[in-house]
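Trainee: I would like to go through this model feature by feature. Can we take it as short questions and answers?

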Amino acid sequence: MSRILAMALLFTAALVPARGEVTWLSKTYDFGFFREEAGPQQGEVKLINLGPEPTVINRVKSTCGCTVAGFTEGLIEPGDTARVWFTYNPAGRPGRFEKHIKVYMGADNDVTSVTLKGTVIGNASSLAAKYPVEAGPMRLSATTIDLGKVTYGRTRHEFISGYNQSTDTLHLAWTDVPAPVSPGVSSKTVAPGDLFSMGIYFNSRDEVLTGPLEYEFKLYPEADDRAAYTTIRITADVEPDTSALTEQQLRDAPALTISPDLIDLGDVRPGEKARKVTFRIRNEGKTEAHLSRICIPGSKALKIKQMPRRIAPGAAHEVKAEIIAGELPLGPFALEIQVVSDDPLHPSRTVRLAGIKR
């Protein structure tokens, strides 16, 4: 039995190629710049078996569905050259890319990584889908970021993707950045057809106000040219941190109600300058309420004429304001007046504003 086993092992060993000494002529293939319309691009890399034994390529594996690869099959004798070839599909993938193909070889299944790189000059449809905002030589995924509700003391991080659609290298810069906002970019130097990512970091501790807030700064495609820029806008709704309040403090806290909570302006006619509106704010809590501001986020349609800053427990005060007709959108509209206070359970109360601008 042991003799049969030994013969089987010798037979199996004879079928497995020994580990040849392989040298790669290149482990990187650069497609360079090419247009998306040119379709799939092909390339190859070569290796030489320097011996003393034959070897074999067992298999190749692409790390991305956009790339398919093939290889020279069968034994690679000492002195022979073998190839690994590949096709990259640029459809819907504008910008610089770097992909990898893993090549498994020999009896030990050794792995070699082959790098494919290049830059795809995107076509109009691909760019419009991924980067819908055209901003001079740049295309951007967005120019507005809504951070949503942010508890005071917390931070938030969001991104805007960009693409250089020009034939010149861009040198990105920005100015007029508000204190709570910190922008950063993957690279300030962006080659033609290349991608970049802008991170927007928001720290609520650097803001003294709560409620709906708006920020903006200027993004320049060229640091030395301050005439051309794109405005980046950030919105956030900062809420007070009530996690440290006890149940008794919450029961004794201010509690605001608003009446009415819907104001219907009806028809706003051409030539109308302003419409007066009023509503009442009542403090049903057990401690004094403090109002910080009243606004319509993202709109200049509201002009406050009279508002209380403090409301005693059980008291009610009237807010008087004007709606500027020229700032209202055409057609049916529905806006929200936000009343921001230190009411811990409802830091922002809403008065709905509706109507039709003819």
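Trainee: In which strand is Lys320 found?
Mentor: The model is a predicted one, so what follows is computed from predicted coordinates. Lys320 belongs to the element that spans residues 316–324. That element is strand 27.

Trainee: Is Lys320 buried, partly exposed or exposed?
Mentor: The relative accessibility of Lys320 is 36%. Partly exposed covers the range between 20% and 50%. Lys320 therefore counts as partly exposed.

Trainee: Which residues gather with Lys320 in a patch of positive charge?
Mentor: The patch lies on the surface. A residue needs over 30% relative accessible area to be part of a patch, and Lys320 has 36%. Gathered with Lys320 are Lys276, Lys303 and Lys305.

Trainee: How many salt bridges does the count come to?
Mentor: Side chains of opposite charge can pair when their charged atoms come close. The cut-off here is 4 Å between a side-chain nitrogen of Lys or Arg and a carboxyl oxygen of Asp or Glu. By this rule the count of salt bridges comes to 13.

Trainee: How far apart are the closest N and O atoms of Glu44 and Lys46?
Mentor: Glu44 is partly exposed at a relative accessible area of 29%, and Lys46 is partly exposed at 35%. The two form a salt bridge. Their closest N and O atoms are apart by 4.0 Å.

Trainee: Which residue is linked with Glu44 and Lys46 in a network of salt bridges?
Mentor: Glu44 and Lys46 form a salt bridge with each other. The network takes in a further residue besides these two. That residue is Arg83.

Trainee: Why are Glu247 and Arg251 separated by about one helical turn?
Mentor: Glu247 and Arg251 form a salt bridge, with 3.9 Å between the closest N and O atoms. Glu247 is exposed, with a relative accessible area of 61%. Both residues are in helix 3 (residues 247–252), and the separation is about one helical turn because they are 4 residues apart.

Trainee: Asp252 forms a salt bridge with Lys286; how many residues apart in sequence are the parts that this pair ties together?
Mentor: The closest N and O atoms of Asp252 and Lys286 are 3.9 Å apart. Asp252 lies in helix 3, whereas Lys286 lies in the loop between strand 23 (274–283) and strand 24 (289–295). The pair therefore ties together parts whose separation in sequence is 34 residues.

Trainee: Is Lys286 buried or exposed?
Mentor: Asp252, its salt-bridge partner, is partly exposed at 23%. Lys286 has a relative accessibility of 57%, and the cut-off for exposed is over 50%. Lys286 therefore counts as exposed.

Trainee: What kind of aromatic pair do Tyr29 and Phe31 form?
Mentor: The count of aromatic pairs comes to 11. In the pair of Tyr29 and Phe31, the centres are 4.9 Å apart and the angle between the planes is 70 degrees. Planes over 60 degrees apart count as edge-to-face. The pair of Tyr29 and Phe31 is edge-to-face.

Trainee: Which of the two, Tyr29 or Phe31, counts as buried?
Mentor: Tyr29 has a relative accessible area of 25% and is partly exposed. Phe31 is at 13%, and buried means under 20%. The buried residue is Phe31.

Trainee: Which residues do ring pairs link into a cluster with Tyr29 and Phe31?
Mentor: Tyr29 and Phe31 are themselves an aromatic pair. Ring pairs link them to further rings. Those are Phe34, Phe86, Tyr88 and Phe97.

Trainee: Where is Pro52 found, given the cis peptide bond from Gly51?
Mentor: The bond from Gly51 to Pro52 has omega near 5 degrees and is cis. Pro52 is in the loop between strand 3 (41–49) and strand 4 (55–62).

Trainee: What is omega for the cis peptide bond that joins Ser259 and Pro260?
Mentor: Pro260 has its place in the loop between strand 21 (256–259) and strand 22 (262–268). The bond joining Ser259 and Pro260 is cis. Its omega is about -10 degrees.

Trainee: What is the phi of Asn109?
Mentor: Asn109 is in the loop between strand 8 (95–105) and strand 9 (110–121), and is partly exposed at 33%. Asn109 is not a glycine, yet its phi is positive. The value is about 55 degrees.

How values were computed. Residues numbered from 1 in each chain as written. Predicted model: local features only at pLDDT ≥ 70, side-chain atom pairs only at ≥ 80, totals over all residues. Heavy atoms only, no water. Patch = residues over 30% accessible without salt bridge, like charges linked within 9 Å, V, L, I, M, F, W, Y side chains within 5 Å. Areas by Shrake-Rupley, 256 points an atom, 1.4 Å probe, with all protein chains shown as cover. Lys, Arg positive; Asp, Glu negative; His and termini not counted. Charge placed at Lys NZ, Arg CZ, Asp CG, Glu CD. Helix = DSSP H or I, 4+ residues; strand = E, 2+ residues; numbered from the N terminus. Buried < 20%, exposed > 50% of the residue type's maximum accessible area, 1.4 Å probe, protein only. Phe/Tyr/Trp six-rings, centres within 6.5 Å; stacked < 30°, edge-to-face > 60°.
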